[in-house]
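Got your viewer open? Here's a short tour, one selection at a time.

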Amino acid sequence: MKVKRLVILLPAFLLLFTSGCWDKTEISEKAFIFTLAVDSNEIQDDKAEDNNVRAFYESQRKKITAIFSIPIPSKTASIPSSDGSGGGGTPGGGKAFINQKSEGENIPDIIKILGVRENRTLCLCYIKLFLLGENLLKDKEALLETLDYARRDPDFNKLAYVAVAKGKMEDIVNIEPKMEKMLASYVAGIFDMAKKTSSLVPVHFGVLASTILKEGNAVLPCIEKADNEVKINNLALIKDYQLLAYMDGKYIRPYACINNKLEGGTKLIEYKGTMIPYEISSSKRRISLKEEGNLLKYTINVEMEGDIEEFYFTGQISEDDILKEIKSRLEESMKLELQETTNYFQEVIGCDYLGLGEYTYNYHNKIYKKYKENWDKAFSKADIAFDVTMNIKRIGISK
Amino acid sequence: MIPDDDKISNFQAALIVFNFILGAGVFMFPSEAAKNAGNDAWMTTIVAGLINILLIYIICKGGGEYSRYGFVGTCRVLFGRIFGTILAIPVFLYFIYAGGMTPRLFAEVIKLFLLHNTPIEFVIIPLILLGVILVRSGIEPMARFFEVLLPLTIFLVVVLVVTVLPGSDFTNLRPFFSGTIPGYLKGILSTSWAYAGFEILLVIYPFMRSPGKAFKSSAVVMLAMTLLYALVVMLCIVRLGVEETKTLLFAPIYIIKASEAPIGLVERFEGLVMALWVILEFTTFVVIAYGISVTGGDLLNQKDRKHILPIIMPLLLIFGLQGESTVDFFKIVDNIRYLQTYTVVIIPLVILLTVFIKKKVGKKSES
């Protein structure tokens, strides 16, 4: 019995001292990357000229540039400012992060290059912001390689927000936000709040990967530098893994509405010289389709609920038919908004980003198969009508 | 008071079957199912589960008649000593192969997500050693261990659903019935392999207190597994879409990584899921190891079976280390299907037919 106990205790004792030897990780040996910004250097591919195998391929072409934004742990703690004016600084002053930049063939090559400059292991598991440069969106091959790395690596954080960096990437990653220590935390916070504002379309990397894999199309928010803050007010439209166009920010709300992703936001409506804000609390859309000859006729029913946030101080909104009239004007305005957005995508962009192709594929598969080969053309010619209902639920605490 | 006869109840037998089935297969089958059946992968998964209930019926009907002899004993009684032994050997080889493949598969997933630098042998060997220790104590302690784990398994499933469901797009399941018949058939066949595990019933019959009721409890388990597997593949498709599900090796782990945990729970939830999954994979290996010890002991006419596994252990390691890369290894795993088909379909059918014919002949000679 004693021998039996010894036999069981001995491996348990050994486990205490020998387990985890190879993968033992000290937290101070890791550099946690919060922002990864990648851009293409637009190098022409020489594969066609030379198909022979070479000895060394590392660092021969500077195909992409990557910037890793890493927080400095000792500086991420806030210290109260000396004049008591609120807002903290970093211990010892200076930035709370460093940006490591390098060029190389692809991201693993760049990580290897940075290995001789960085005293810690780069860790991608806590990436909050994944920035794609404008040049990367023009270089299909580099974009595909970058996306594949991010998807294939088991440690890459699939919940990282993805955005397009408009302008110089270095300018954006060097922004020191006022309310946060790191750009990634600041931008991630903006995206987290996006549901309430409907002025943004946040995209996680996991969502981007599954969307873009279908047909090579995706929609990404754009980040620009404005003073020492970020400006996120456009959407980048990607077609066949390349940048197609930038969409004006005013179309974001109707775009989200038609794609049934609108969850909040405020719409303004004019009523007798007063701009009335209508806060949207929910939005649903239902699509129906009829095929007439070679023409697709969509009817999109949109139903919204919301509250009135402001009226005229000396007026009483609950009187007579004021609410009815405001509701009617809201519906008309929203209908015009949706129609203008649809016309924009049909005539200017010429590509279906409104989810009508997906709807037709899911619910009218036989019809979709007829137009599958040239769906964008069918979309551009389609007749899309809207039927909008906007219910006003609450008017605040005053009449 | 638990009787000290090393026999298990029907519930415990059902748990053994449940824990054998629930292993690495649950992470790997969605991509194959989606490749063959597309959006309708969840339907083919349900059909595959129902077909496996039929196979369980065949095992229970045939094996139940001679349950006191065990599997090898049944073959020897029905087909003669020599021929019966020859028929039982491929089943023994199947358990050895499965016993080699399971730790390797476990190690591959662990190396990919958790232990990048640890040599694969040092992930496989502790699993095998621990499994051997548990199996040596007998079937009853094993079954009690599985009873303790049941709440953890249920917790894992609930957490998976709660984490992944928000933000899912159920229109990804459409359009329904858009695949081809050959695709559906291929999907049903490939998903059937993921349900493999109930063949352990062949082996544990002599250890059940009421073997006559084995089918009822096993069928309930298979129904639960069918629902679970259908749920897993449905969650993969609604979360990722069919195209991405097809391309991912371990789609369920990916969807947990790509989902935000509900407010109040930890971030990076996949760590907790992986920890619980390690236990489930261990139980799968333990059941296979038990199959090896019982079948091997019966083939070699051993009264006590404790020494069989330590002798077989090096073979398990050798089989487990076959295949240079993960891709090669998965190709080798496909080869095990022949032995699996023999164990799951052919030998139970042969046993059932022989029992049926013997009964008929017996009745005729009586009359």
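What volume does the second largest pocket have? About 1,400 Å³. Keep in mind as you look around that this is a predicted model.

**Stop 1: the second largest pocket**

Select P11(A), L15(A), P126(B), L129(B) and L130(B): of the 37 residues lining this pocket, these are the closest to its centre. Your selection takes in residues from chain A and from chain B.

Now colour the helices around it. Helix 1 (2-18) of chain A supplies at least two lining residues, and so does each of helix 5 (81-113), helix 6 (121-136), helix 13 and helix 14 (308-320) of chain B. Which of them gives the most to the lining? That's helix 6 of chain B, with 11 residues. Try colouring the lining by class, too: you should get 26 nonpolar, 5 polar and 6 charged residues.

**Stop 2: where the chains meet**

Next, show chain A and chain B in two colours and go to the place where they touch. Here 21 residues of chain A are in contact with 28 residues of chain B. On the chain A side, pick out W22(A), D23(A) and P154(A), the residues that lose the most area to chain B; together they make up 27% of what that side buries.

How much area is buried here between chain A and chain B? It comes to about 2,200 Å², with carbon and sulfur atoms giving 53% of that. If you're wondering about the choice of number, the accessible area lost when parts come together is often used to give the size of an interface.

Zoom in on R151(A) and E244(B) and show their side chains. They meet in a salt bridge, at 3.4 Å from N to O. The count of salt bridges across this interface is 1, and there are 10 residue pairs in polar contact between the two chains.

Which elements of chain A should you highlight on the side that touches chain B? Go for helix 7 (205-215) and helix 10 (356-363) of chain A, which give two or more residues each. Helix 7 of chain A has the largest share, 5 residues. Taken by class, that side of chain A has 9 nonpolar, 6 polar and 6 charged residues.

**Stop 3: the cavities**

Time to look inside. The count is 3 cavities of 30 Å³ or more, and the largest holds about 180 Å³ of space.

To find the largest cavity, select L22(B), V26(B), F27(B), L156(B) and L160(B), which lie nearest its centre among the 15 lining residues. Several helices of chain B each supply at least two residues of this lining: helix 2 (25-37), helix 7 (139-164), helix 10 (214-240), helix 12 (251-257) and helix 13 (270-299). Helix 7 of chain B gives the most, with 4 residues. How does the lining divide by class? It has 13 nonpolar residues, 2 polar ones and no charged ones.

Move on to the second largest cavity, with about 50 Å³ of space. Its lining is made up of G63(B), Y66(B), S67(B), G70(B), F71(B), T74(B), L202(B), Y205(B) and I351(B). Helix 4 (residues 70-79) of chain B gives the most here, with 3 residues. By class, you'll find 5 nonpolar, 4 polar and no charged residues in this lining.

**Stop 4: two backbone details**

Before the last two selections, a bit of background: most residues other than glycine have a negative phi, and most peptide bonds are trans.

Select R174(B) and P175(B). A cis peptide bond joins them, with omega at about -10°. P175(B) sits in the loop between helix 7 and helix 8 (181-194) of chain B.

Finish in chain A with Y241(A). What is the sign of its phi, positive or negative? Positive, at about 65°, although Y241(A) is not a glycine. You'll find Y241(A) in the loop between strand 11 (229-239) and strand 12 (242-247) of chain A.

How values were computed. Residues are numbered from 1 along each chain as its sequence is written. Chains are lettered from A and ligands numbered from 1 in the order in which they are written. This is a predicted model: local features need pLDDT of at least 70, side-chain atom pairs count only at pLDDT 80 or more; totals for chains, interfaces and linings use all residues. Side-chain values use heavy atoms; hydrogens and water are left out. On a 1 Å grid over the protein atoms alone, a cavity is a set of points where a 1.4 Å probe fits but cannot get out, and a pocket is an open set with protein on both sides within 12 Å along at least five of seven lines; lining residues have an atom within 4 Å of a point. Grid points are joined across faces, edges and corners, and a volume is the space filled by probe spheres set on the points. Ala, Val, Leu, Ile, Met, Phe, Trp, Tyr, Cys and Pro count as nonpolar, Asp, Glu, Lys and Arg as charged, and the others, Gly among them, as polar. Contact means heavy atoms within 4.5 Å. Buried area is the accessible area (1.4 Å probe) that two parts lose on being put together, summed over both. A salt bridge is a side-chain nitrogen of Lys or Arg within 4 Å of a carboxyl oxygen of Asp or Glu. A polar contact is a pair of N or O atoms within 3.5 Å; within protein, one must be able to donate a hydrogen and the other to accept it, and residues adjacent in sequence count only if both atoms are side-chain atoms.
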